[in-house]
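Ready for a few hands-on exercises? Keep your viewer open and try each task before reading its solution.

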Amino acid sequence: MLGKLSSTLQRYISATSYRSDALFKIHPTVVEALSDHRPVVALESTIITHGMPYPQNLSTAKEVEDIVRAEGVTPATVAILDGKVHVGLSSDELDSLARSKTTLKVSRRDLPYVISKGLSGGTTVSGTMIAAQKAGIAVFVTGGVGGVHRDGENTLDISADLTELGRTPIAVVSAGVKSILDIGRTLEFLETQGVCVATYGESKSFPAFFSHKSGYTSPYNVHNAEEAAELIASTLFLGLQSGLLIAVPLPDEHAAAGQQIEDAIQAAVTEARLKGIRGRDVTPFILHRVNELTEGQSLRANIDLIHNNARVGSQIARALAERTHRSRGGCRRQKDEKQASKPKTIVVGGVNVDFIAKGASKTLLFGQTNPGSVCQSFGGVGRNIADCLSRLGQKVLFISAVGADSHSEAVLNYCKHMDTHAVARLQGQRTATYCAVITESGELSLGLGDMDIHQEIKEQYVSQYEDQLSSASLVVLDGNIPVSTINYLCSLAKKHSVPVWYEPTDAEKACKPFVSESWKALSYTSPNLAELCTMNRTLLLPTPQVLPSSLEDVLGCAAALSRPLLEHLQCVVVTLGALGVLVCGEHEAGTVSLRPRKHKLKGRLCAVYYPALSVHSDETVNVSGAGDSLAGAIMAGILQGKDTDTCIRMGLLAARLSLFSPHPIAPSLTADAILPDRVHSQPWSKPTCINISGEESRLNLAVSHCGELP
C-alpha cells in the first residue's frame, strides 16, 4: 500500500507542470525544490494586497516566508503580476505588491479577466489553490477560508473557496473559518462538496479562527504532522479530485486575546442584526466594528494566527515529502541518484527571432529587389546552444530575456522542448530580432540586428539562480550579455570551481571577459580567427594586421594566438569555417584534454586540426547556426565523458546537420545522429597531435590533420 501511495504522489507531481510558460511563472527556488522532491508550501497574497495596511502587510509576508524556510521548506507566495500568474515571489516583487494601491482581489472567477488585461492582484484561497495545484504543490497555508455567510440560505452568498475545495486536489491548512460566518452551514456545504475536514490536534472541535471552539466538530482529527501527511497522501491516491481542509486551532498562549476578539465579533454580529444590516453589507460592518472594539488588537492576533498556521503547514509538507522519499524504495533511490548526478548545464545568453532572406541568384545587387525566399526561424547564440544541448539529452537551464510581444510568444512556443522558465519576459521591451541576407550558396551577405534587450540580462536577474550556477557542471556564456554580468558569473564560477565556456558571438564582443581579470576564470572558448585576434589585442598582445588565407598560415596563426590564452584556459577551440577546427590545449594521451579540470595548467600544449566535413554548396540552406551546433555538440560530448576525438567529430556532424536545415539548430539533431561510429558514410582517420609549447613551434607550425582536406 505504501508503495502504491508513493507512486500516486509521483504521478500527481509529474502530471502537474512546474515549468513556467508565457503566463505562468514559477520562481527558480520553487522549481528547484519541486524537481528535487523537496517540500514546498503555497501562500496566498490577498493578505498582502487586501488584508493588512502597509507596512504590516509586507513585514508579515516576509515573516511567514521566513517561518516556512526555518522549517526546511520552500515558500511559494502566489500572486498575479502584470497579467502573469507567479508562484513564488522575489523580495522586490513582494515589496511592489505590498505598496501597490491598484491591485485586485483575484478568485477563480477573476483569473481570466485579470490575465487578459495584464493586471496585478492578490490571489484568494481559490485563486491560490488553482495556481499551486498547477505547479505541483500539495500543501497550501492560509489564515482562514471563506464560508457560507450569515443569511446565506436567502442570499446564496457562499465563498468560492468552498467550491474550489470540492474540485481541486490540494490540502489547505487554515484556522477554520471566522465566526462572523455561518460555520454550521459551511461544514454542511463542505460535506456536500465531498471535502474531507480534520482538526489538527487531540480534539475534533472545529476552530473559529480566534477561538479553539466554534460549537461545531470536524468529522475527523489528525494528531500530528505525520498523520496529516498520511491523510493527504491517501486523498491523492484515491484520485477524488477534491481537496481537504486541515483546521488548526490557535495555540493556548494566544487564547485570552483570541477570546477577547471573539467577544467583540459576537457583539458586532448582534449590533448588525439590531441595525437591520443584511447581505453583503454584514461582513464589512462587522470587520470595521471588531477593529474599533479591540483597538487594533485583532490585527496582531491575526498575524500570530498566520504565523502558527505557517509553522504547522510547513511541518506537514515536510512530513509528506519525507514520507514520499522513504517509500520510493531502493530502485527509486538509485534512479534519483542517477538523475541527481546527471550533468546540469546553465546557458546565459540571447534569444533572437531570425528572418533569413536567401537570394535565388549567385550575385545580390544592393539598392534593388532581388529574387529569393524569406523564412522565419528562432536563434540567438545562447538559445542555439541551449537548444542543441537539450536535443542531445542534456539537462539545461537557459537564462535570457525577451519582450512582452508577439515575437516572444512565438519563440517560447517553439522552445517548449527546452527549460525556458528562466527566460524573463519584460514589459516595454522588444524581443531581439535579426535579419540575415545570405547568398545562394548560404554565405552571409548582410545582417541587421535589434539586440538592445540583451543588455537587460543583468547581474541582478541572473543572481536569482546563484544556487544552480554554483553547482553546475558547466556554465556557458554568450558574448551578447553585459560585461558586468560576465564578470559576476566568472567570479562566481571561480569561487565554486565551475567550468565556464565563453562563446564570443562576434569580433566586437569577443573582448568582454578580457577587459578585466574575468577571462582567467574561463575554461573553454570557441572563437573564430578574427575573435581570437580581438582577445589577444585586448590583452595588449601582438596580432597580425591581415589575417592569413592559406591553410598552413591559418593554422599557425590560430595556434600562436591561442598559446597565451592557455596560460589560464584549458582549451581554445578555434573555428575556421569551411576549413574546419583547430583544437588547442593541454596534451594528454596523444591529443588535447577536454575533460574539466581544477588544477592549473602543467603539461605541454598541443594542437589538433580537424577539417570540415565536405558539403556541396547547393546543399547548404543556412549557415547561421553551424558554429553554435559545433560548440553545443562538443559540450555535450564533454559532459557525457566522451574522448576528445569523439567530441570534436560530434561537433562537426552537428554543424553539418545545421547547414542542411533552415533552422540554426536542426530539429533532426539527436544523440544518435551525431555519434561518429554510427555515421558510416563519413571516413574518419586518427589526427596527429602537434606540440605548440615552444616558441619555435608557435611561429612555424606544421599541423597534421585527420581525413582529406576539403
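Below are three exercises, each with a worked solution. The model is predicted, so local features need pLDDT of at least 70 and side-chain atom pairs count only at pLDDT 80 or more, while totals for chains, interfaces and linings use all residues. Residues are numbered from 1 along each chain as its sequence is written, and side-chain values use heavy atoms, leaving out hydrogens and water.

**Exercise 1: a sheet**

Work out the strand order of the open sheet of four strands, and find its edge strands.

Solution.
- Start with the elements: helices (H or I, at least four residues) and strands (E, at least two) are DSSP runs, numbered from the N terminus.
- Two strands pair if DSSP finds at least two bridges between them.
- The order is E14-E13-E17-E18, and the pairing is mixed.
- At the edges sit E14 (372-379) and E18 (444-450), each pairing on one side only.
- From one strand to the next, the twist averages 15°.
- Now zoom in on E17 (residues 433-438), which runs antiparallel to E18 and is joined to it by six bridges. Thr433, for instance, has Asp450 in E18 as its bridge partner.

**Exercise 2: a residue in strand E2**

Decide whether Val41 is buried or exposed, and list what it touches.

Solution.
- Locate Val41 in strand E2.
- Check its relative accessibility: at 0%, Val41 counts as buried (buried means under 20% relative accessible area, exposed over 50%, partly exposed in between, with a 1.4 Å probe and protein chains only).
- List its contacts (heavy atoms within 4.5 Å), not counting residues up to four places away in sequence: Val68, Val73, Thr74, Pro75, Ala76, Ile137, Val139, Val141, Gly313, Ser314 and Ala317.
- Compare sequence with space: Val41 and Ala317 are 276 residues apart in sequence, yet 6.7 Å apart C-alpha to C-alpha.

**Exercise 3: two helices**

Describe how helices H16 and H23 pack, and which residues make the contact.

Solution.
- Take H16 (residues 381-391) and H23 (residues 626-639): their axes are 8 Å apart, at an angle of about 45°. Axes are lines fitted to C-alpha atoms, for helices over the stretch in contact, and angles run from 0 to 180 degrees between N-to-C directions.
- Classify the angle: H16 and H23 are therefore oblique to each other, since under 35 degrees counts as roughly parallel, over 145 as roughly antiparallel, 65 to 115 as roughly perpendicular and the rest as oblique.
- Collect the contact residues: H16 gives Val381, Asn384, Ile385, Cys388 and Leu389, and H23 gives Asp628, Ser629, Gly632, Ala633, Met635, Ala636 and Leu639.
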